[in-house]
Amino acid sequence: MTLTFNCGTYASLLAKYQPKVIKTDEENEQAITLAQELSHRVNRTLEESALLDLLITLIEKYEDEHYSIGESTAHSMFLHLIDAQNVKEAELVSILGTTEVVSQVMSGKQEITQEMAKVLGKFFHVDTSLFEN
């Protein structure tokens, strides 16, 4: 099924709002405001929906480039789970073996091995892949 819309109406929307590649936080805020207005519009036309899709794409591109969260690492996931579940080092010693190993892993001086990933996954009740780099 092909959706068709009035090109004249779409052209007038583009002329009125002049969407473009977003380069500043101010432009991003303007695009977000317009996108919110369009997304809440009752009886939105096909042309308005097309403009909304374009704005969302431009906003996502800008935010991916400027506010990237980044990939989590096995180490950062390990520290996050310790913090989120209020786990004490002593609890980790019982599953990882020694205080030295726990200290090394927590400081990032030792990588999490596959065997460690298995026991940590079981301990934290998460998939072991969270501990793989």
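Phe123 is partly exposed in this predicted model, because its relative accessibility is 24% and the buried class ends at 20%. Phe124, the next residue, has a relative accessibility of 2% and therefore counts as buried.

The rings of these two residues form a pair. A pair of aromatic rings is described by the distance of the centres and the angle of the planes. For Phe123 and Phe124 the centres are 5.0 Å apart and the planes stand at 85°, so the pair is edge-to-face. Phe124 also pairs with Phe131: here the centres lie 6.2 Å apart and the planes are at 35°, so this pair is tilted. The structure holds two aromatic pairs, and ring pairs link Phe123, Phe124 and Phe131 into a cluster. Within that cluster, Phe124 and Phe131 are both buried.

In soluble globular proteins, nonpolar side chains tend to be buried together. The largest nonpolar core here has 17 residues, and those touching the most other members are Phe78, Leu92, Ile112, Leu120, Phe124 and Phe131. Two or more residues of this core come from each of helix H4 (74-84), helix H5 (89-96), helix H6 (99-107) and helix H7 (114-124). The most are given by H4, which supplies five residues.

Ile112 shows how parts of the chain meet. Apart from neighbours within four places in sequence, Ile112 is in contact with Ala74, Phe78, Val105, Ala117, Leu120 and Phe131. A second core, separate from the one described above, consists of 15 residues, among them Leu13, Ile22, Leu38 and Tyr62.

Note on methods
Residues are numbered from 1 along each chain as its sequence is written. This is a predicted model: local features need pLDDT of at least 70, side-chain atom pairs count only at pLDDT 80 or more; totals for chains, interfaces and linings use all residues. Side-chain values use heavy atoms; hydrogens and water are left out. Rings of Phe, Tyr and Trp (its six-membered ring) pair if their centres lie within 6.5 Å; planes under 30 degrees apart count as stacked, over 60 as edge-to-face and the rest as tilted. Buried means under 20% relative accessible area, exposed over 50%, partly exposed in between (1.4 Å probe, protein chains only). A nonpolar core is a set of buried Ala, Val, Leu, Ile, Met, Phe, Trp, Tyr and Cys residues joined through side-chain atoms within 4.5 Å. Helices (H or I, at least four residues) and strands (E, at least two) are DSSP runs, numbered from the N terminus. Contact means heavy atoms within 4.5 Å.
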